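Biologist: Got a minute? I'd like to go through this model with you.

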Amino acid sequence: MQEFVYAAQSVRVVFGVDVWSKLNTEAGLLGAEKALVLCTPRQRTLAQRALDALAERGAGIYDQAIMHVPTAAVQGAMAAVARTAADCIVAIGGGSTIGLAKALALESGLPILAVPTTYSGSEMTSIYGVTEGGVKKTGKDRRALPRTVIYDPTLTLKLPFDISVASGMNAIAHAAEGLYAQDGNPVLALMSEEGIRAMASGLRQLKKQPDELGARSESLYGAWLCGTVLGSTGMALHHKLCHTLGGSFNLPHAQTHSIVLPHAMAYNAVSAERAMQRISNALERPGQPAAMALYDLAQELGAPLALRDIGMRAADIDRAADMAASKPYWNPRPVDRDGIRALLQAAFEGIRPA
Ligand code: NAD
């Protein structure tokens, strides 16, 4: 067996239907006396319910979380911390809200209690990002890792199906790259395979009935597993490409992941055969190439399939290929500019990987 290191992350995970009723108790276990609730403007009503549940432990709400964590939002949240003398951050929402909580934790040193309401998996990682002047700086810092995560599928019942699919495919991407990560290990490989299986199965059920609690539970369980893999391993070509496309061409994060994933898997297939078999098995398509199985899943779920359909311009393909090939990073198959150019062209047109 290949040599490996396994270092478990110390996050307390509370999972189940209606467990978010334990919010006050869980905040108390973190020693919180004044918890500031973060949310997007759209999730203000839910944040108010969280504040009510926190009772005397609630400090207030900051509702200006937006995608890619602009510095202005971090400064606004810091002012809210100072105004309310908050000693804990409760982030209720998706990766955008949790991203703001991470940036705030780095600035303030406060612990995070995360209550995710999408499937993007950010709550299980110490990866943070802040955007200033159109440039997103990212990094890893233990202080950005939530101390407690409450997963309650009832909070995802109203998550629109298209956002469910996009954030769910984003989660599958974490687990897929975790299966061939340079620093992977057998436990994370098990989590990856089970995470992909649960997410694909959950999303397929949600297509028939988007408010089915069992399917919501299965998808959220998949999100936890896939997020744990992202938080524990280094990512490769797929994540680097999506970071470039999102950051430099302003493409929507989760949809970009969903479109690029089959093509990145097709590129890496020759160098990661066992990982591809495990992905195909998890998608219940044993024997089929993983790239095709992922493309077919996205198509079955009605996800966008072509970068041109989410705002990419043909004129930008060459620049994106240059950028993706310019900085060296580990990938199971060496990154060459012509190969990346062809991958991006296929993703731009939305062609089923051969
Ligand atoms: P999001 O947080 O941007 O949310 C998308 C929209 O859905 C928002 O308007 C939000 O208010 C709304 N929403 C969220 N939950 C809802 C619910 N249950 N019901 C109704 N509406 C709801 O989406 P996301 O895909 O979770 O996050 C994307 C961001 O997360 C990106 O900026 C990405 O970079 C980041 N991310 C970070 C990591 C990490 O490890 N740091 C991992 C994955 C994603």
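Modeller: Let's start with the ligand and then turn to the surface.

Modeller: This is a predicted model, where local features need pLDDT of at least 70, side-chain atom pairs count only at pLDDT 80 or more, and totals for chains, interfaces and linings use all residues. Residues are numbered from 1 along each chain as its sequence is written, and side-chain values use heavy atoms, with hydrogens and water left out.

Biologist: How many residues surround the ligand?

Modeller: 25 residues do. A residue counts if one of its heavy atoms lies within 4 Å of the ligand. Among the closest are Thr40 and Ser96.

Biologist: Which helices supply at least two residues of that shell?

Modeller: Helix 4 (95-108) and helix 5 (161-178) each do. Helices here are DSSP runs (H or I, at least four residues).

Biologist: And which side chains have an N or O atom close to a ligand oxygen?

Modeller: Threonine 118 has one 2.6 Å from a ligand oxygen. For threonine 125 the distance is 2.7 Å. The ligand alone exposes 870 Å², and the protein buries 86% of that. Accessible areas come from the Shrake-Rupley method with a 1.4 Å probe.

Biologist: What about lysine 102?

Modeller: An N or O atom in the lysine 102 side chain is 3.4 Å from a ligand nitrogen.

Biologist: New topic. Is methionine 1 buried or exposed?

Modeller: Methionine 1 counts as exposed because its relative accessibility is 89%, and exposed means over 50% relative accessible area, with only protein chains as cover.

Biologist: Where does methionine 1 lie?

Modeller: In the segment before strand 1 (12-15). Strands are DSSP runs too (E, at least two residues).

Technical notes: Buried means under 20% relative accessible area, exposed over 50%, partly exposed in between (1.4 Å probe, protein chains only). A polar contact is a pair of N or O atoms within 3.5 Å; within protein, one must be able to donate a hydrogen and the other to accept it, and residues adjacent in sequence count only if both atoms are side-chain atoms.
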